[in-house]
Amino acid sequence: MKRRPWFSVALCIVPMGIALMGIALSAQAATPGADAPPLPQPPRPVVVPAFDQHTLPNGLTLVVAPRHEAPVVTIALLVRAGPELDPAGRSGTAAMTAGLLTKGARRGGRAVSATELARQAEALGGTLEAASGWRSSTVAMTVTTPKLDAAAALVADVVRQPTLAAAELERARAQSLDGLRVTMGDPGAVAGMVARRAFWGDSAYGSVATVPSIKRITRTDVQAFHAAAYRPERAVLVLAGDIEAPQAQALAKKLFGPWRGAANAATTPRPTTPSALAQPLVLIDMPGSGQSGVVVAAPFVASGAGDRRAGQVANAVLGGGYSARLNQEVRIKRGLSYGAFSEAETHPASGMAQASTQTSHPNAAQVLQLVRGEIDRLAETPPTAEELAARQATLIGSFARRLETTGGLASLVVAQLVQGRPLDDLQRSVDEIMAVTPAQVQGFARQHWQAKTLRGVIAGDLKAAGDALTALPGSALRVPVESLDLDQPSLTRP
C-alpha cells in the first residue's frame, strides 16, 4: 500500500548564495580507457531558493519555491493526514482515500471518470499522482508554465470534490488485496511489517494494512475520512518552479479560497512513543520460502530533536549506501546477502531506524547477529574521518539532486512540512550535516541504540534455518505465518 543514496559526488552547496564546503571523493585507479569512472567535475553551486509563505483566510497555507531555469511548475497539494488517522480496525483507509482521489471527481458540475481524468491530465502534458504516508496525503502534477492554471484546477477538483465511487473502491480494494497476498509471500516484506508492529506496538505508527482491515473498509469510511481530514486548515499548496508569489497567491485564492471544511474535523492523535513487544526477537515461520528476511528495528529521535542531524548521519554510516557498514560487513566481506541497508523515520515524539537484508535460511541467525553487532559497534567505534566524509557526501548529494528538479524541490518542501520543521532549515541542511563529528555519531549510537531497545525479526523457513536460531540471545516469539495477525499488537490471533 505504501517509499536511497549510493553514490559519492563532488559538490559545492551554496544555499542562498553562501558558498559552503566542496566535497570531492576521488575514484580508485582503474584500467585507463577501459573501466575507469569519469573524473570528478569541478564543484558547482546548488541554490536553495527563498521560499514565500502565505496563509489564506480559510487556513490553507501556500508555499512558493521559485525556480526559473525552465518553464516548468510542480503543483503539490499536501493534506496533513495519513495512516495515523485510520479508524480502528480499518488500517489502509488513508491510503485508499488518497488512491481514489484520481479515480473520479466532479468537474464543471458533472462527474468525471478515472479514465477522463487521466486523459485531461495527459492533455496538459502531465500525470496526476496521489499518495499517502505518515501525516501526509498528497496529490501532485508537473506541467509546463502555460498549463499551470488548468493543472492547478484539476488538482483542486480531485482534492476537494472526489466522487469516491463505490465501483472504484471495489476495484482499488481488489488491487490492494492482490498486492497484499503477494507481499505476504515475500519474507523481506513480512519481516519489515512485523518489525514495525513489534517496535511500535498498539500506537499510531504501528498500524499496518492487512487483508482483514482492507476488507472492512467501506465507502462510508472513505467518505468520512475525506470529510474529516481533507480540510483547508490541514492543507498546504506547494508551487515549485517557474512562478512568482503574486501569481501563485492569485491562483490559490481563486481555486482554494472558497474551500470550507466539513463540520466534523479529524482529531490529530497525541504524539506517541513506541510500545514494543517484550520479546526482543520474533521468528515468523514461512515454510517453502526462498530466503529469509532479516530486520532489526531501533529507536530514533523525534523530528524536533536537537541531535536529529547526528542521527541522520549515524544512520547513513550504519546503512546509508553501498560502502556503509552494514553492506560492508554482510555483503562485501562475507557474501551473505545482495545488500544490507538501513533507513530512519521521524515523528513528532519519537522515531524508528530499521536495518534490513535478505539471506539464505541457514545464514539467517548469523546475519541477524551481524546486523545487531554493527549497530552495537557504532557505539564503540566512531567513523573514521574518511568514512564520515563519504557518508556526508552521500547525504548532501541526495539533497542536491532533489533540488535539481521542480518535483524534487516540491518533495523537499512537503517532507519538511510533514516533519513540522521550518522551511528555513533547508537553507542550513548542508552546514548542519557537515558539522556532525565522529564523536557525535558515536554518542548518538550510545544513547539511542542500546541492545535492550532493539527488536529483531527473522521471517523465513525456520526449519531450513536450522538449530542456530535456538542459540540467539533473548527470548523469542515464534509465529507460523498462517497465524500471524498484524492487526494485533501481540502479532497473533487472540
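## Opening notes

Helices (H or I, at least four residues) and strands (E, at least two) are DSSP runs, numbered here from the N terminus. The model you are looking at is predicted, so local features need pLDDT of at least 70 and side-chain atom pairs count only at pLDDT 80 or more, while totals for chains, interfaces and linings use all residues. Residues are numbered from 1 along each chain as its sequence is written, and side-chain values use heavy atoms, with hydrogens and water left out.

The protein chain has an average pLDDT (the predictor's confidence in each residue, from 0 to 100) of 91, and 92% of the residues score at least 70. Please treat residues 1-30 with care: pLDDT stays under 50 there, although the model has 75 contacts (heavy atoms within 4.5 Å) beyond four places in sequence for this stretch.

## The six-stranded sheet

Let us begin with an open sheet of 6 strands, ordered β4-β5-β11-β6-β10-β9, in which the pairing (at least two DSSP bridges between two strands) is mixed. Its edges are β4 (52-55) and β9 (129-133), each of which pairs on one side only. From one strand to the next, the twist averages 15°. Within the sheet, β5 (residues 61-66) and β11 (residues 235-241) run parallel and are joined by 6 bridges; V63 stands opposite V238 of β11.

Two helices lie across strands of this sheet. Helix α3 (residues 148-160) lies across β6 (72-79), β10 (136-144) and β11, and runs at about 160° to β10. Helix α13 (residues 406-418) lies across β5, β6, β10 and β11, and runs at about 20° to β6. For such angles, axes are lines fitted to C-alpha atoms (for helices, over the stretch in contact), and values run from 0 to 180 degrees between N-to-C directions.

## Strand β16 and a hairpin

Strand β16 (residues 455-460) has 6 of its 6 residues buried (under 20% relative accessible area with a 1.4 Å probe, protein chains only), so the rest of the structure largely encloses β16. R455, V457 and A459 point one way, G456, I458 and G460 the other, and all are buried.

β12 (residues 281-285) runs parallel to β16, with 5 bridges, and I284 has A459 as its bridge partner. β13 (residues 292-300) pairs with β16 in the antiparallel sense, also over 5 bridges, and here A459 is the bridge partner of G293.

Elsewhere, β7 (residues 104-107) and β8 (residues 110-113) run antiparallel, joined by 4 bridges, with A105 opposite V112. They form a hairpin with 2 residues between the strands, and G108 in the turn has a positive phi of about 60°.

## Helix packing and the cores

Helices α9 (residues 308-319) and α15 (residues 438-448) pack at an angle of about 90°, with axes 9 Å apart. They are therefore roughly perpendicular (65 to 115 degrees) to each other. A310, G311, V313 and A314 of α9 make the contact with Q440, V441 and F444 of α15.

The largest nonpolar core (buried Ala, Val, Leu, Ile, Met, Phe, Trp, Tyr and Cys residues joined through side-chain atoms within 4.5 Å) has 66 residues, of which F51, V63, V238, V313, W449, I458 and L469 touch the most other members. Helix α11 (residues 364-380) gives the most to this core, 9 residues. Beyond its neighbours within four places in sequence, W449 has contacts that include A298, F300, A314, I375 and F444. Apart from this core lies another, of 44 residues, including L60, L85, A94 and V143.

Terms used. Buried means under 20% relative accessible area, exposed over 50%, partly exposed in between (1.4 Å probe, protein chains only). Angles under 35 degrees count as roughly parallel, over 145 as roughly antiparallel, 65 to 115 as roughly perpendicular and the rest as oblique.
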